[in-house]
Amino acid sequence: MSVTDLSPTEVEEAPSRKKPLLIVAVVVIALAAAGWWFMIRPAGADEGPKPGEVLQLEPIQINLQDGHYLKIGVALQAVEGAEHVEGSKALDATIELFSGRKMADLADTKRRHRLKEQLLEELDHRYHGEVMEVYFTDFVTQ
């Protein structure tokens, strides 16, 4: 019997060696990835700084454009173990960032969020990474 004498179903039934090799390769890759995740990956690689104490500052009033003002209260989330977090640097940065702004800038949620991010970036610089978050506890414009 020659190859041309075989029916199409008989040709398909010939054993394939590629399928078991592919399955083995996938299992080996999955095991290698799991091994890296649990064994090789540095401990604490995904962990950021842990939150410490929250320092709530007294609200202050800041002059805005056109005779308006902003009453703003700020709280600082320090990282665990932070030793030099006091409010004067945060109040100074807040005054610098918000002074002279238009009320429309502060009424827009997206702009206010960007200002908060800018304040946090400045606080991170001034406190050398000891402040991980800033919260507005009071925010009133007039």
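Accessible area is computed here by the Shrake-Rupley method with a 1.4 Å probe. On that basis, the chain of this predicted model exposes about 10500 Å², of which carbon and sulfur atoms supply 57%. The secondary structure amounts to 5 helices and 4 strands, arranged along the sequence in the pattern α-α-β-β-β-α-α-α-β. Of the 142 residues in the chain, 20% are buried. Among contacts with a separation of 6 or more, 67% join residues that lie 24 or more positions apart.

**Nonpolar core**

- The largest nonpolar core contains 19 residues, and the members that touch the most others are Ile72, Leu76, Phe98, Leu119 and Leu123.
- At least two residues of this core come from each of S2, S3, helix H3 (88–98), H5 and S4.
- In soluble globular proteins, nonpolar side chains tend to be buried together.
- Leucine 76 illustrates the contacts of one core member: leaving aside residues up to four places away in sequence, leucine 76 touches Glu53, Val54, Leu55, Leu57, Val85, Glu86, Ala90, Leu123, Tyr127, Val131, Glu133 and Val134.

**Isoleucine 62**

- Strand S2, which spans residues 60–63, includes isoleucine 62.
- Isoleucine 62 has a relative accessible area of 2% and therefore counts as buried, the cut-off being under 20%.
- Beyond residues up to four places away in sequence, the contacts of isoleucine 62 are His68, Tyr69, Leu70, Ile72, Thr94, Ile95, Phe98 and Ser99.
- A separation of 39 residues in sequence lies between isoleucine 62 and arginine 101, while their C-alpha atoms are 9.5 Å apart in space.

**Nonpolar surface patch**

- Ile23, Val27 and Leu31 together make a nonpolar surface patch of about 300 Å².
- Isoleucine 23, one of these residues, belongs to helix H2 (residues 18–40).
- The relative accessible area of isoleucine 23 is 53%, so this residue is classed as exposed, for which the value must be over 50%.

**Salt bridges**

- The structure contains 5 salt bridges, including the three pairs described below.
- Aspartate 138 and lysine 71 form a salt bridge through their side chains, with an N to O distance of 3.8 Å.
- Because aspartate 138 lies in strand S4 and lysine 71 in strand S3, this pair ties together parts that are 67 residues apart in sequence.
- Lysine 71 is partly exposed, at 34% relative accessibility.
- A salt bridge also joins the side chains of arginine 126 and glutamate 96, at 3.3 Å from N to O.
- Arginine 126 lies in helix H5 and glutamate 96 in helix H3, so their pairing ties together parts that are 30 residues apart in sequence.
- The two partners differ in accessibility: arginine 126 is buried, with a relative accessible area of 17%, whereas glutamate 96 is exposed, at 52%.
- Both residues also belong to a network of salt bridges that links Asp92, Glu96, Glu122 and Arg126.
- In the salt bridge between arginine 111 and aspartate 105, the closest N and O atoms are 2.7 Å apart.
- Arginine 111 counts as partly exposed, at 38% relative accessibility, while aspartate 105 is buried, with a relative accessible area of 18%.

**Positive phi angles in loops**

- Most residues other than glycine have a negative phi.
- Aspartate 66, a residue other than glycine, has a positive phi, near 60°.
- Aspartate 66 is located in the loop between S2 and strand S3 (69–79).
- With a relative accessible area of 73%, aspartate 66 is exposed.
- Histidine 128, likewise not a glycine, has a positive phi of about 55°.
- The loop that holds histidine 128 runs between helix H5 (109–126) and strand S4 (131–141).
- Histidine 128 is exposed, its relative accessible area being 68%.

Terms used: Residues numbered from 1 in each chain as written. Predicted model: local features only at pLDDT ≥ 70, side-chain atom pairs only at ≥ 80, totals over all residues. Heavy atoms only, no water. Buried < 20%, exposed > 50% of the residue type's maximum accessible area, 1.4 Å probe, protein only. Contact = heavy atoms within 4.5 Å. Patch = residues over 30% accessible without salt bridge, like charges linked within 9 Å, V, L, I, M, F, W, Y side chains within 5 Å. Salt bridge = Lys/Arg side-chain N within 4 Å of Asp/Glu carboxyl O. Core = buried A, V, L, I, M, F, W, Y, C linked by side-chain atoms within 4.5 Å.
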